[in-house]
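Me: Please take a close look at a single part of this model and describe how it is placed and what it packs against. Then work outward to the rest of the chain, and give the cut-off behind each term.

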Amino acid sequence: MNRAYVLLPLLALGGCATPVPQSLPPKMVPQAFTGPMPSDAKIWPDPVWWQAFGDPQMTALVEKAQDQNRDIAIAAARVLQAEAQSTIQRSALFPQLGAQADHSNNGCNGQSCSRFGSGKISGLSFSASYELDFWGLARDNLRAANEQRKAAHFARQSIALVVAANVASQYLTVQTIRRRIAIANDYIAAINSILNVIEVRVKSGAASHLDLAREQAQVEAVEAQLPALETLEKQALYSLAVLLGQPPEGFDIEVQPIDAVLVPSVGVGLPSDLLLRRPDIAQAEANLASAHANLDAARVAFLPQISLTGSGGFVSSAIGTLLQGSNFGYGYGVGLLQTIFDGGKLVGQKDLAEATQREYVASYQKSALNAYADVEFALTEVANTSKAEGHLRRLIQAAQEAFEISQLQYRQGAADLLTLLQAQQTLFSAQDQLAQTMLSNRLAAIHLYEALGGGWTESPQDRTQFVAHEAAGNVASIDGGREFVAR
């Protein structure tokens with residue numbers, strides 16, 4: 001009696017898939033982004049967003065990585081695996097056909113012939129079986145596999161976006177470190193120039209050995225920074241080589257001034273549209289849809305499974321007469337399989353599927369919230385590093401003038417060495433800081449392009465999640481951790 005109450009709602013679900021639960025309540029979708037943004041910028045990036053930085057060498061490296069990067073190759077192989085799994089699940093919707101041919105030659109002698117017989121027997125038989133997908137179990141499994149195929153495809157798009165951003169970032173890092181090394185060498189040259197003046201003044205008695213020791217210590221301090229910078233350059237260069245799918249030995253790029261790399265601006269559009277422009281969100285969406293299809297399959301597994309079978313064939317002692325009608329036999333049947341007791345296996349599988357769906361609901365929500373935070377942070381990052389770059393450029397202009405004046409005054413004996421050293425350190429420290437800030441500003445722009453999805457857009461037919469105004473009157477929601485159907 002109790003089992004009947006269990007089967008009645010399940011029978012109502014038989015043959016049709018339930019809708020994927022809508023997982024983003026309105027409170028999780030902001031109305032607009034609040035970070036600082038340009039008012040005249042184009043909304044959303046182009047798919048080839050890296051070209052906007054105006055560096056042909058960087059463009060060539062990014063496009064090369066799209067073809068040769070190993071992470072992208074791994075993701076592409078996973079797409080093929082998911083497609084194969086989809087093909088495997090699709091096969092359950094079709095009849096299974098088989099054929100068998102056999103021939104035996106039985107021999108004997110003496111008295112055993114009378115007991116076992118002898119002779120040649122040939123046979124040709126065919127068989128067919130078909131599982132009726134009356135309740136939609138095979139279709140649910142296929143739907144789950146198709147969603148996993150979509151998830152693998154979205155994962156590949158997400159990895160391609162990350163690889164493009166990493167290549168651009170490592171390229172600019174290499175160029176910036178080379179700029180910093182050049183600044184340090186200019187600093188050393190300037191110190192040595194003053195050191196020559198100090199040596200002349202020491203010989204003439206116009207300066208003490210203390211001034212000479214201070215300037216020599218300054219040279220050593222700057223030269224001590226060079227090995228660390230050179231190590232960082234090699235590390236970034238080798239990382240870039242690996243991203244391009246080639247060994248680091250002998251790999252190099254042409255030196256380009258970081259100043260020549262543009263900082264493009266891009267508009268961010270509406271937060272609700274961001275859900276359609278991030279491949280990682282689409283991947284989480286497909287994983288949720290797949291988990292829901294598995295839950296549908298786990299529910300349908302409680303219902304009886306119906307199968308059709310048929311077989312036929314020819315048997316003859318002579319191959320020449322094998323295909324004669326008198327040698328033909330056939331059979332067919334209908335089977336029904338219903339689990340009566342399994343120790344809780346089916347219930348456990350359903351509970352597992354429900355828990356898995358809850359996990360992917362939370363994962364989808366987390367992906368969306370992280371995407372909003374990425375955009376907000378990138379907007380702030382771009383604006384603040386741009387401001388800092390402007391301040392540093394003005395600082396360098398003033399520091400350059402102060403250094404030239406203090407250098408002239410020291411040569412004339414009107415200023416002491418400490419004043420000159422301070423002006424030196426201020427100028428070259430500001431130049432080094434400007435190089436790092438310029439890098440941070442361009443990396444922030446790359447981060448913003450990546451946070452906006454890099455110009456990728458989800459196809460309408462792949463969508464299973466909708467924002468609040470689209471989902472109004474739709475088919476399912478999640479509330480308080482419980483699934484319900486909206487009427």
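Reply: **Helix H5 and its surroundings**

Ala184 sits in helix H5. The model is predicted, so local features need pLDDT of at least 70 and side-chain atom pairs count only at pLDDT 80 or more, while totals for chains, interfaces and linings use all residues. Numbering starts from 1 along each chain as its sequence is written, and side-chain values rest on heavy atoms, with hydrogens and water left out. Helices (H or I, at least four residues) and strands (E, at least two) are DSSP runs, numbered from the N terminus.

Ala184 has a relative accessible area of 7% and is therefore buried. The classes are buried for under 20% relative accessible area, exposed for over 50%, and partly exposed in between, with a 1.4 Å probe and protein chains only. Leaving aside residues up to four places away in sequence, Ala184 touches Val222 and Leu226; contact means heavy atoms within 4.5 Å. Between Ala184 and Gln431 the C-alpha to C-alpha distance is 9.4 Å, with 247 residues separating them in sequence.

Next come the helices that pack against H5. Two packed helices are described by the angle between their axes and the distance between the axes. Axes are lines fitted to C-alpha atoms, for helices over the stretch in contact, and the angles run from 0 to 180 degrees between N-to-C directions. Angles under 35 degrees count as roughly parallel, over 145 as roughly antiparallel, 65 to 115 as roughly perpendicular, and the rest as oblique. For composition, Ala, Val, Leu, Ile, Met, Phe, Trp, Tyr, Cys and Pro count as nonpolar, Asp, Glu, Lys and Arg as charged, and the others, Gly among them, as polar.

One partner is helix H7 (residues 225-243), which packs with H5 at an angle of about 160°, the axes being 9 Å apart. H5 is therefore roughly antiparallel to H7. The H5 and H7 crossing is left-handed, and the residues of this contact divide into 14 nonpolar, five polar and four charged. A crossing is called left-handed if the near helix is turned anticlockwise from the far one by less than a right angle, and right-handed if clockwise.

Another partner is helix H11 (residues 417-451), whose axis comes within 10 Å of that of H5 and crosses it at roughly 170°. H5 and H11 are thus roughly antiparallel to each other. The contact of H5 with H11 has 18 nonpolar, seven polar and six charged residues.

H5 is tied to another part of the chain by charge. Side chains of opposite charge can pair when their charged atoms come close. Here a salt bridge is a side-chain nitrogen of Lys or Arg within 4 Å of a carboxyl oxygen of Asp or Glu, and by this rule the count is 16. In one of them Asp296 pairs with Arg143, the closest N and O atoms being 2.7 Å apart. This pair links distant parts of the chain, with Asp296 in helix H9 (residues 279-300) and Arg143 in helix H5 (residues 137-204), 153 residues apart. Asp296 is buried at a relative accessible area of 4%, whereas Arg143, at 21% relative accessibility, is partly exposed.

Two further salt bridges are listed here. Arg278 pairs with Asp280, with 2.9 Å between the closest N and O atoms. Arg278 is buried at 6% relative accessibility, and Asp280 is partly exposed with a relative accessible area of 24%. Glu354 pairs with Lys350, where the closest N and O atoms are 3.4 Å apart. Because Glu354 and Lys350 are four residues apart in helix H10 (residues 345-412), about one helical turn separates them. Glu354 is partly exposed, with a relative accessible area of 27%. Salt bridges that share partners join Asp140, Arg143, Asp296 and Arg299 into one network.

Two serines extend the picture. Ser367 is placed in helix H10 and is buried, with a relative accessible area of 17%. Not counting residues up to four places away in sequence, Ser367 touches Asp280, Ile281 and Ala284. Ser307 belongs to strand E3 (residues 305-316) and is buried at 17% relative accessibility. With residues up to four places away in sequence left out, Ser307 touches Tyr130, Glu131, Leu132, Gly333, Val334 and Gly335.

For the chain as a whole, there are twelve helices and six strands. Buried residues make up 40% of its 487 residues. Of the contacts between residues at least 6 apart in sequence, 85% join residues at least 24 apart.
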